[in-house]
Amino acid sequence: MPPGRVPLALPRAMRLVRFQPPGGAEPRLGLEEEEGGGLVDLSGAEPSLPRSMRAFLETGEHGLAAAHRALASGQHRLPRAGARLLAPISDPEKVICVGLNYRDHCLEQDVKVPKEPLIFSKFPSAIVGPFDDIVHPAESSEVDWEVELAAVIGKTGRHIQESAALEHVVGFTVANDVSARDWQMRRNGRQWLLGKTFDTFCPLGPAIVTKDSVTDVHNLSIRCSVNGQLMQSSSTKQLVFRLPQLIAWVSQFVTLRPGDVLLTGTPPGVGVFRKPPVFLKVSTGWGGSKQGQE
């Protein structure tokens with residue numbers, strides 16, 4: 001760098017996405033310039049980077065630095081309208097979920113607040129994009145919604161201390177823990193797995209927002225709308241176990257790796273506890289059920 005020149009400060013906060021360009025080409029990594037804005041073709045700007053978000057996150061600071069360069073370059077832009085946004089990560093090793101983790105959700109179903117995190121899982125094959133159809137399985141008549149804040153792991157760790165837990169998080173996204181209540185609550189010996197992991201039962205995205213842009217992850221509003229009607233509205237202030245506690249707890253049992261997705265629980269307003277209960281229905285306009293999520 002020539003003497004006297006000051007390096008430009010690169011923006012730290014990023015919105016990482018996966019997208020399919022026009023014409024049905026192979027999925028690519030990208031960035032949103034802003035929420036709802038145009039896209040930066042990260043795969044075009046940095047061809048040596050992996051095309052998988054999981055593999056990209058495994059590159060650590062090297063990959064994130066390349067993403068910063070692409071965002072700051074002003075090049076490799078494309079309109080959002082021509083691209084199909086996909087789940088920001090489609091191939092995590094693990095999708096880890098937490099039950100009964102909002103105080104107001106415990107209250108709506110008249111159950112005690114847990115003393116320890118209630119952990120379950122979904123298979124990664126349940127993941128779909130944020131605007132994809134949710135396929136209503138013929139095997140269930142009680143398909144329900146659950147909006148959730150999801151943390152995405154960016155650094156490997158086991159037996160992680162609460163004080164260091166957020167160092168292992170690369171960012172956050174929105175998830176929908178779609179649930180077949182009949183299978184969750186009455187079938188399969190009341191084991192939750194089958195009711196939680198039908199294909200398409202984990203919409204994610206559209207973006208992984210890097211943690212730099214989140215001032216306080218425990219002071220975020222969280223909402224879900226179904227057919228334009230607001231069904232869930234709360235705040236992450238209501239979390240029973242905060243994110244550092246969850247990461248420390250889960251990492252006692254399993255190694256957390258880049259790309260792992262941790263769904264942190266859902267607030268009140270789900271369909272099963274409404275009076276009368278309300279469930280998603282098959283739409284006559286397409287092959288699946290759809291719901292809005294914010």
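## Charge and surface

In this predicted model, the protein chain carries 32 positive and 31 negative charges, and the mean positions of the two sets are 2 Å apart. The protein chain exposes about 13900 Å². Carbon and sulfur atoms supply 53% of that exposed area.

## Confidence of the prediction

The mean pLDDT of the protein chain is 92. A value of 70 or more is reached by 93% of the residues. Over residues 1-11, however, the pLDDT is below 50, and this stretch has 6 contacts in the model beyond near neighbours in sequence.

A further stretch, residues 286-294, also has pLDDT under 50. For residues 286-294 the model has 42 contacts beyond four places in sequence.

## Overall fold

The secondary structure of the protein chain consists of 7 helices and 17 strands. Its C-alpha trace spans about 70 × 45 × 30 Å along the principal axes. The radius of gyration is 19 Å, which agrees with the value near 19 Å that a compact globule of 294 residues would have.

Of the 294 residues in the protein chain, 52% are buried. Among contacts with a separation of 6 or more, 74% are between residues 24 or more positions apart.

## Helix α7 and the loop after it

Helix α7 covers residues 243-250. In this helix, 6 of the 8 residues are buried, so α7 is largely enclosed by the rest of the structure. The buried residues are L243, P244, L246, I247, A248 and V250. Their cover includes the strands β6 (95-99), β7 (118-122), β10 (147-153), β11 (169-176) and β17.

S251 lies in the loop between α7 and β17, the latter formed by residues 261-263. S251 has a relative accessible area of 0%; because the cut-off for a buried residue is under 20%, S251 counts as buried. Leaving aside neighbours within four places in sequence, S251 is in contact with G157, R158, H159, I160 and L256.

## The loop between β13 and β14

Strands β13 (202-203) and β14 (208-210) are joined by a loop that contains A207. P206 also has its place in the loop between β13 and β14. The peptide bond that joins G205 and P206 is cis, with omega about 20°.

A207 has a relative accessibility of 5% and counts as buried. Apart from neighbours within four places in sequence, A207 is in contact with R15, L16, V17, E32, P88, F172 and T173. One of these residues, F172, is 35 residues from A207 along the chain, and the C-alpha atoms of A207 and F172 are separated by 8.1 Å.

## A buried residue in strand β1

F19 is placed in strand β1, which comprises residues 15-20. At 0% relative accessibility, F19 counts as buried. F19 and W145 are 126 residues apart in sequence, and their C-alpha atoms are 25 Å apart in space.

## Backbone features

Most residues other than glycine have a negative phi, and most peptide bonds are trans. Several places in this model depart from that pattern. A cis peptide bond joins K275 and P276, with omega about 0°. P276 lies in the segment after β17. The cis bond between G205 and P206 has been described above.

Positive phi values also occur in residues other than glycine. L100 has a phi near 55° and is placed in the loop between β6 and α4, the helix formed by residues 103-108. T200 has a positive phi of about 75°. The place of T200 is in the loop between α6 (193-196) and β13, and at 11% relative accessibility T200 counts as buried.

Note on methods
Residues numbered from 1 in each chain as written. Predicted model: local features only at pLDDT ≥ 70, side-chain atom pairs only at ≥ 80, totals over all residues. Heavy atoms only, no water. pLDDT = per-residue confidence, 0-100. Contact = heavy atoms within 4.5 Å. Helix = DSSP H or I, 4+ residues; strand = E, 2+ residues; numbered from the N terminus. Rg over C-alpha atoms; globule rule 2.2 N^0.38 Å. Buried < 20%, exposed > 50% of the residue type's maximum accessible area, 1.4 Å probe, protein only. Areas by Shrake-Rupley, 256 points an atom, 1.4 Å probe, with all protein chains shown as cover. Lys, Arg positive; Asp, Glu negative; His and termini not counted. Charge placed at Lys NZ, Arg CZ, Asp CG, Glu CD.
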